[in-house]
Amino acid sequence: MNCNDASREISALEGGSTELSAQRPLQDHLQECMDCALEVHQAGRLRSALRALPRKQPPARLRTALAVIASQEQQRRQRRRSPRRVLAECAAWLNLWSDNLVRPLALPFAGGLASAIFLFTMLVPSFAVQAGTVTNDVPTLLTTEAMLQSSLSFGLLDQDVVVNVLVDRKGQVQDYSIPRVQLSSLSPNEILDIEKTLLCTRFEPATMFGRPAWTRLRITLRRSHVEVRG
């Protein structure tokens with residue numbers, strides 16, 4: 001036996017697959033080769049040192065998580081063994097898939113149909129003209145614009161500032177934007193005064209088909225008052 005063969009046998013010994021007492025050729029080689037004998041000695045010391053190390057206990061949370069995963073895997077394998085449960089799972093998956101496919105389409109379709117019916121019932125009377133009669137009635141407005149109700153100004157601006165505002169159904173300002181040309185010329189204190197003014201500004205909300213609606217307005221903040229430009 002040469003050193004290469006002995007090295008393979010020593011690796012098998014380190015893996016625990018064989019014992020040194022069962023390897024007579026290896027024992028004879030170790031008596032003649034000091035390098036291989038030193039390798040076996042070092043491997044034995046390494047195994048002894050590893051066995052002497054204290055065992056680390058896993059955290060309780062990790063043990064609980066592994067137990068839950070093992071339980072779920074066991075239940076999943078048990079369900080696969082029953083053909084009836086496999087068919088039930090397939091049926092449940094198909095129902096869920098059909099619901100997820102139909103629901104996103106059902107709501108827009110129902111909303112569009114309801115809107116079409118509502119608009120049709122609102123517009124049909126305007127098309128119904130009796131023969132031989134002439135009417136001078138003014139048609140009913142379907143929408144109205146928002147109107148300024150009250151405002152409280154903060155600070156004195158050196159220039160008129162145009163602000164685009166978003167007004168909700170209650171007539172309150174929910175968002176605003178200032179054109180970049182004017183925004184660059186405003187100081188932080190002036191911007192703060194504009195925000196305070198918008199916070200204390202109330203509008204008569206816009207209406208659509210007689211109901212309050214969101215709308216966008218362009219207003220001008222002046223030294224003494226707020227002007228709605230539309």
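## An open sheet of three strands

Three strands, in the order β1-β6-β7, form an open sheet with antiparallel pairing. Its edge strands are β1 (143-144) and β7 (211-213), each of which pairs on one side only. The model described here is predicted.

Strand β6 (residues 206-208) is joined to β7 by 3 bridges, and the two run antiparallel. Across this pairing, Ala206 has Ala213 in β7 as its bridge partner. The loop between β6 and β7 holds Phe209. The phi of Phe209 is near 60 degrees, a positive value in a residue other than glycine. In general, most residues other than glycine have a negative phi. Is Phe209 buried, partly exposed or exposed? Phe209 counts as partly exposed because its relative accessibility is 29%, and the partly exposed class lies between 20% and 50%.

## The protein as a whole

The protein contains 7 helices and 9 strands. Of its 230 residues, 17% count as buried. The exposed area is about 18300 Å², and carbon and sulfur atoms supply 58% of that area.

Contacts can also be sorted by how far apart the partners are in sequence. Among the contacts in the protein with a separation of 6 or more, 63% involve residues 24 or more positions apart.

## Strand β3 and its two partners

Strand β3 (residues 161-167) pairs with strand β4 (residues 173-177) in the antiparallel sense, over 4 bridges. In this pairing, Val167 stands opposite Val173 in β4. The two strands form a hairpin with 5 residues between them. Gly171, in the turn of that hairpin, has a positive phi of about 85 degrees.

β3 also pairs with β8, again in the antiparallel sense, over 7 bridges. Here the bridge partner of Asn164 is Arg218 in β8. Why is β3 described as largely enclosed by the rest of the structure? The reason is that 6 of the 7 residues of β3 are buried, where buried means under 20% relative accessible area.

## The largest nonpolar core

In soluble globular proteins, nonpolar side chains tend to be buried together. The largest nonpolar core of this model has 14 residues. Which residues have the most contacts inside the core? They are Val163, Val165, Ile194, Leu217 and Ile219. At least two residues of this core come from each of β3, α7 (188-199) and β8 (215-221). The strand β3 gives the most, with 4 residues.

The surroundings of Val165 can be listed in detail. With neighbours within four places in sequence left aside, Val165 is in contact with Val173, Asp175, Tyr176, Leu198, Thr215, Arg216, Leu217 and Ile219. Apart from the largest core lies another core, of 7 residues, among them Leu26, Leu30, Cys36 and Val40.

## Tyr176 in strand β4

Tyr176 lies in strand β4. This residue counts as partly exposed because its relative accessibility is 28%. Not counting residues up to four places away in sequence, Tyr176 touches Val163, Asn164, Val165, Ile191, Glu195 and Leu198.

How far apart in space are Tyr176 and Leu217, C-alpha to C-alpha? The separation is 9.5 Å, although the two residues are 41 residues apart in sequence.

## Leu26 and Leu53: a buried and an exposed leucine

Two leucines illustrate opposite classes of accessibility. Leu26 lies in helix α2 (residues 24-32). Leu26 counts as buried because its relative accessibility is 0%. The C-alpha atoms of Leu26 and Asn2 are separated by 9.3 Å, and these residues are 24 residues apart along the chain.

Leu53, by contrast, is exposed, with a relative accessible area of 52%; the exposed class begins over 50%. Where is Leu53 found? Its place is the loop between α3 (34-52) and α4 (60-81). Together with Leu46 and Leu50, Leu53 makes a nonpolar surface patch of about 320 Å².

Terms used: Residues numbered from 1 in each chain as written. Predicted model: local features only at pLDDT ≥ 70, side-chain atom pairs only at ≥ 80, totals over all residues. Heavy atoms only, no water. Buried < 20%, exposed > 50% of the residue type's maximum accessible area, 1.4 Å probe, protein only. Contact = heavy atoms within 4.5 Å. Areas by Shrake-Rupley, 256 points an atom, 1.4 Å probe, with all protein chains shown as cover. Pairing = 2+ DSSP bridges. Core = buried A, V, L, I, M, F, W, Y, C linked by side-chain atoms within 4.5 Å. Patch = residues over 30% accessible without salt bridge, like charges linked within 9 Å, V, L, I, M, F, W, Y side chains within 5 Å. Salt bridge = Lys/Arg side-chain N within 4 Å of Asp/Glu carboxyl O.
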